[in-house]
Amino acid sequence: MNAESVSSLLKQEPQRPAIVSGSIQLSRRDLDELSASIGEYLSSLGVDALSRRVALVMHEPHNMLVGIVGALRARWSFIPLSPSWPSERLAEILRRLRPKFVVCSDKTVASSSGEQDAFEA
């Protein structure tokens, strides 16, 4: 499935739920709009095709999915990482894969205080 087919699917019946996770519910329209803003931002960065890697570090599954769809829309590869992994493991993955950017949620940043070095790319 490519970015165009994902976008097309999200535009069909936009009021239908796309993500239900605990008390969080995002419609297809919500997912389309949120992922489009991430995709547009990544596309605006002007990074060459071989360097288009973004690490996604998020506690919340719905935010991870928004990030994944956004990266796909921008034609970037993505590296999904869990902030619950040991900081040494995260640091090693980031060191080896060298993403151009690391995207994380506010909750991830707050929970990583004191371990900021684990998220340096």
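This briefing describes a helix with a buried side and a parallel sheet with a helix lying across it. The structure is a predicted model, in which local features need pLDDT of at least 70 and side-chain atom pairs count only at pLDDT 80 or more, while totals for chains, interfaces and linings use all residues. Residues are numbered from 1 along each chain as its sequence is written, and side-chain values use heavy atoms, with hydrogens and water left out.

**Helix α1**
- In helix α1, which spans residues 3–11 (helices being DSSP runs of H or I with at least four residues, and strands runs of E with at least two, numbered from the N terminus), Ala3, Val6, Ser7 and Leu10 are buried, that is, under 20% relative accessible area with a 1.4 Å probe and protein chains only.
- These residues lie on the same side of α1 because they cover an arc of only 95° around the axis, taken from the directions from the helix axis to the C-beta atoms.
- The cover over the buried residues of α1 includes α2 (28–44) and α3 (61–73).
- Glu13, which follows α1, has a positive phi, near 45°.

**The sheet and helix α4**
- An open sheet is formed by 3 strands in the order β4-β3-β5, with parallel pairing (two strands pair if DSSP finds at least two bridges between them).
- The edge strands, β4 (77–81) and β5 (101–104), each pair on one side only.
- Strand β3 (residues 53–57) pairs with β4 in the parallel sense over 5 bridges, and Leu56 stands opposite Pro80 in β4.
- Helix α4 (residues 87–97) lies across β3, β4 and β5 and runs at about 170° to β4, where contact means heavy atoms within 4.5 Å and angles run from 0 to 180 degrees between N-to-C directions of axes fitted to C-alpha atoms, for helices over the stretch in contact.

Technical notes. Buried < 20%, exposed > 50% of the residue type's maximum accessible area, 1.4 Å probe, protein only.
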